[in-house]
Amino acid sequence: MDLVFHDAEVVDGTGGPSYRADVAIDGGRIAAIVKEGAAAGCQRPTARRVVDAEGLVLSPGFIDMHAHSDLALLRDPDHSAKAAQGVTLEVLGQDGLSYAPVDDRTLAEVRKAITGWNGSGDDIDFDWRTVGEYLDRLDRGIAVNAAYLIPQGTVRMYAVGWDDRPATEAELDHMRRLVAEGMEQGAVGMSSGLTYTPGMYAKDAELTELCKVVAGYGGYYCPHHRSYGAGALEAYQEMVTLTREAGCALHLAHATMNFGVNEGRAPELLALLDEALDGGADISLDTYPYTPGCTTLVAVLPSWASEGGPEAVLARLRDDATAERIRHHLEVIGSDGCHGVPMDWDTIEVSGVSEAALTDWVGRRVDGWESARRLLLEDRLGTTILQHVGHEENVRTIMRHRVHTGGSDGILQGLKPHPRAYGTFPRYLGRYVRELGVLSLEECVAHLTSRPAARLRLPDRGVVREGHIADLVLFDPETVGAGATYESPRTLPTGIPHVLVNGEFVMEDGNRTSALAGRSVRRAR
């Protein structure tokens, strides 16, 4: 054997009781599991390397169902933000905006639109245009594995542009072809950002047609739906109804109930989902174990202010009369970009800027519309923010649900990113398992491993089982925890000494190795 872990406490991802065992790895897969007290004559496995795992839990690698590492995986080979957490697979292409499929025009526009998520990309060689070419680029070697969702907003940008209008039949056919091609090239599904332009301009009929294409390939739809604030339950119901009509599996992105209007209302959401599940719907969801959200400052503007793309937004912000209309919509009416809730500027904290001259903004609260307007103009829409609008009771209630999975929604840009980017998975294990007992260890590991693997239709990942790919984590259940805080958000976690991706150590004795063992994980055909 290549490697054996002796005397590990195996939490295998199924949700069943843990057991003590030796686990052997060979050729990138789990070759043998010998439980303590095995029948006489069953020898302990031997290997070229033996690791004493006494006192450590061995589990499947964690699957981040909502990641924004689309460019970070390419620019930062180390990628300890995720590798050190025990993440062995990330799902990219989230919230309807990413970098494939594109043509030259669309690529230039999407780079501007999500600079706050992923940086400008000036340090990246964009040598791809299709989904398949992007996945091929990942296959040259990345820190952890990655799957990809076709971004519906980018697809609409490509076929329709930035206009707030229904697609023509020819444009809809073009979008169907783009989605079909992406699925054929290995995407696992499609995402939307229905509070982000231009994806939010799509009506349900258009989204249903694209979901039918996704369903035909056995993929799933992952919407950031139209509201997490006022009208949140209606927005969730809209997605359930839409995917039922399309015959498409549904995975609800960062399924929170935020803002004051939704305090204590998580049980209403879960009742809605339970009714659909009991009726045969195929639904799952992900959350992060924190209360604040994170997005770009420009995203909170009303959708009409973003029609036409980034340059049109900047022009409107420069015009005093139009800027006043935007302010009124934000502060009085409640912008659709801010989930229908009138803006409370005290909840907005700047987490990152694109222009170096503006770094003194980072960590400050935005003190009103004129400050926000000035910052948007000077930073050319590249500002990221934390939005302090969540509720701990809702977070705990939703994470207990039977279809819950973990997703960091981790934006790695900015001087002061949300700590979820570096801390989501160890925080689940440290705070919500060991300290609070919200979940048992076995339950929590299942939420972070086998459940997402099942959603992604990965038959040989997500469970510690002989023959499965050796994406594995060893952690100390007594010390595992998030090091990242709001004050020091890039601090690495504690208590996770070893992480294997495809059978190779990417973390060894708590240190990042030089291995680039990750590859694209493509849709099962």
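## Burial and overall build

A residue counts as buried when its relative accessible area is under 20%. By that cut-off, buried residues make up 62% of the 525 residues in the protein chain. Keep in mind that we're looking at a predicted model here.

As for secondary structure, the protein chain has 18 helices and 20 strands. Its radius of gyration comes out at 22 Å, close to the 24 Å that the globule rule gives for 525 residues, so the chain is as compact as a globular protein of that length. If you want box dimensions, the C-alpha trace spans about 85 × 45 × 45 Å along its principal axes.

## Contacts, surface and charge

Take the contacts between residues at least 6 apart in sequence: 75% of them join residues at least 24 apart.

On the outside, the protein chain exposes about 17900 Å², and 47% of that comes from carbon and sulfur atoms. How far apart are the mean positions of the positive and negative charges? They sit 2 Å apart, with 51 positive and 76 negative charges going into the two averages.

## A closer look at T208

T208 belongs to helix α8, which covers residues 204-216. Is T208 buried or exposed? Its relative accessibility is 5%, and the cut-off for buried is under 20%, so T208 counts as buried.

The side chain of T208 has a polar atom 2.7 Å from the backbone oxygen of D204. Leaving out residues up to four places away in sequence, T208 touches L242, E245 and A246.

## Helix α17

Helix α17 runs over residues 441-448 and is mostly covered, with six of its eight residues buried. Which residues of α17 are buried? They are L441, C444, V445, A446, H447 and L448.

## W304 and its surroundings

W304 lies in helix α11, residues 303-306. What does W304 touch, once residues up to four places away in sequence are set aside? The list reads R316, T322, R325, I326 and H329. With H329 there's also a polar contact: the side chains of W304 and H329 are joined at 3.0 Å.

To place W304 relative to helix α17, use A446, one of the buried residues of that helix. The C-alpha atoms of W304 and A446 are separated by 42 Å, and the two residues are 142 residues apart along the chain.

Definitions and conventions. Residues numbered from 1 in each chain as written. Predicted model: local features only at pLDDT ≥ 70, side-chain atom pairs only at ≥ 80, totals over all residues. Heavy atoms only, no water. Helix = DSSP H or I, 4+ residues; strand = E, 2+ residues; numbered from the N terminus. Rg over C-alpha atoms; globule rule 2.2 N^0.38 Å. Buried < 20%, exposed > 50% of the residue type's maximum accessible area, 1.4 Å probe, protein only. Contact = heavy atoms within 4.5 Å. Areas by Shrake-Rupley, 256 points an atom, 1.4 Å probe, with all protein chains shown as cover. Lys, Arg positive; Asp, Glu negative; His and termini not counted. Charge placed at Lys NZ, Arg CZ, Asp CG, Glu CD. Polar contact = N/O pair within 3.5 Å; in protein donor to acceptor, adjacent residues only side chain to side chain.
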